[in-house]
Amino acid sequence: MSPKLRLGGVGNPSTPADEDVKVKELRARLGPLTGRSLQYATDSCLKRYLNARNWNIKKAEKMIRESLKWRATYKPEEICWKDVATETETGKVYRANFHDKQGHPVVVMHPGRQNTNNREGQIRQLVYTMENAVLNMPPGQEQMVWLVDFKGWTLSKAVPIKTVQETAHVLQLHYPERLYVAILYNPPHIFETFYMIVKPFLDPTTAAKVKFVYSDNAESMKILHTLFDKGEVEPSLAADDFHFTEYGRQMQNDDERTAITWNLGGEADNSPVPNISTLKLEPVVSSSERIAITG
């Protein structure tokens, strides 16, 4: 064991063997787990929680216990496409059909396409998309890229602060170390001011992963070019990037895979989703107190 490693302490492990010691101690502190909790708490999962708490075992234990309790009540793995179809019909949040150069799945966000005021529905849709991105991670991959395109965003399309707070709470506490980088593409100048309001809700490590990229700034565009192969990301920044029916079929197929992965005891509910024209959407109410969520 490395002399820098103290069991139960906050010393960062210096070798993979030291990491394994920390993981074993955390697992021992958690005690026997069963069912979905056991399936969720893999060694790589425990490492993410330890990393999120600077390898402090007591803090990581508290964090993962809260996540296990949340997952047991919220049941994110049971959310199906039909539960989030209304929230997704404009393509405001979806998983892209490509990965970056390192194999990270990509979640595309278009805050300018906000179509409801349903806070619970918005969070449920984001949780569904997060779970789907995890489902589609290549072996050995633990993180994802967020690509946030601000085309069409105005204050009337922005998300309330309360929703931002709740969303940040869910993502940071229950999906630790899942974000590789968040690209904010062409945010308007007014958003930069509002981001200063959002930033205190973010963990400093998360905030450091947020990158502002502008299409008219060659230096900032290098971030995109470093992440993605040429021509890969451009379609997701186009006005016609999202096709609801096609994406719905893809998600229903993934729901079946999720049911098998989590042994849900039956096939996913793939009953037909209403046509876009029949979906009942809530009006979006403008407010100067609203701000956009960036993840």
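**A tour of the two largest pockets**

The lining of the largest pocket comprises 14 nonpolar, eight polar and nine charged residues. This is a predicted model, and the tour begins at that pocket before turning to the second one and then to the whole chain.

**First selection: the largest pocket**

Select Glu131, Val134, Leu135, Thr261 and Trp262; of the 31 residues that line the largest pocket, these lie nearest its centre. The space enclosed there amounts to about 600 Å³.

Next, colour the helices α2 (35–40), α3 (43–52), α6 (119–135) and α11 (244–261), each of which supplies at least two residues of this lining. Which helix gives the most? That is α6, with five residues.

**Second selection: the second largest pocket**

Move now to Gln172, Pro176, Glu177, Asp203 and Thr206, which lie nearest the centre of the second largest pocket among its 26 lining residues. Two or more residues of that lining come from each of α3, α4 (57–74), β3 (144–149), α7 (161–174) and α9 (204–208). Highlight α7 in particular, as the largest share, four residues, comes from this helix.

The second largest pocket holds about 430 Å³ of space. If its lining is coloured by class, 13 residues appear as nonpolar, seven as polar and six as charged.

Helix α3 deserves a selection of its own: it supplies at least two residues to the lining of the largest pocket, and it also gives two or more to the lining of the second largest pocket.

**Third selection: the whole protein**

Zoom out and switch to a cartoon representation, where eleven helices and seven strands make up the secondary structure. Of the 295 residues, 49% count as buried. Among contacts with a separation of 6 or more, 77% join residues 24 or more positions apart.

With a surface displayed, the accessible area comes to about 14,500 Å², and carbon and sulfur atoms account for 53% of it.

**Last selection: confidence**

Finally, colour by pLDDT. The mean for the protein is 87, and 86% of the residues reach 70 or more. Where does the value stay under 50? One such stretch is residues 1–8, for which the model has 17 contacts beyond four places in sequence. Another is residues 273–295, where pLDDT is below 50 and the model shows 68 contacts beyond near neighbours in sequence. Where pLDDT is low, predicted coordinates should not be read in detail.

Note on methods: Residues numbered from 1 in each chain as written. Predicted model: local features only at pLDDT ≥ 70, side-chain atom pairs only at ≥ 80, totals over all residues. Heavy atoms only, no water. 1 Å grid on protein atoms, 1.4 Å probe; cavity = no way out; pocket = protein on both sides within 12 Å on 5 of 7 lines; lining within 4 Å. Points joined across faces, edges and corners; volume = space filled by probe spheres on them. Nonpolar A, V, L, I, M, F, W, Y, C, P; charged D, E, K, R; others polar. pLDDT = per-residue confidence, 0-100. Contact = heavy atoms within 4.5 Å. Buried < 20%, exposed > 50% of the residue type's maximum accessible area, 1.4 Å probe, protein only. Areas by Shrake-Rupley, 256 points an atom, 1.4 Å probe, with all protein chains shown as cover.
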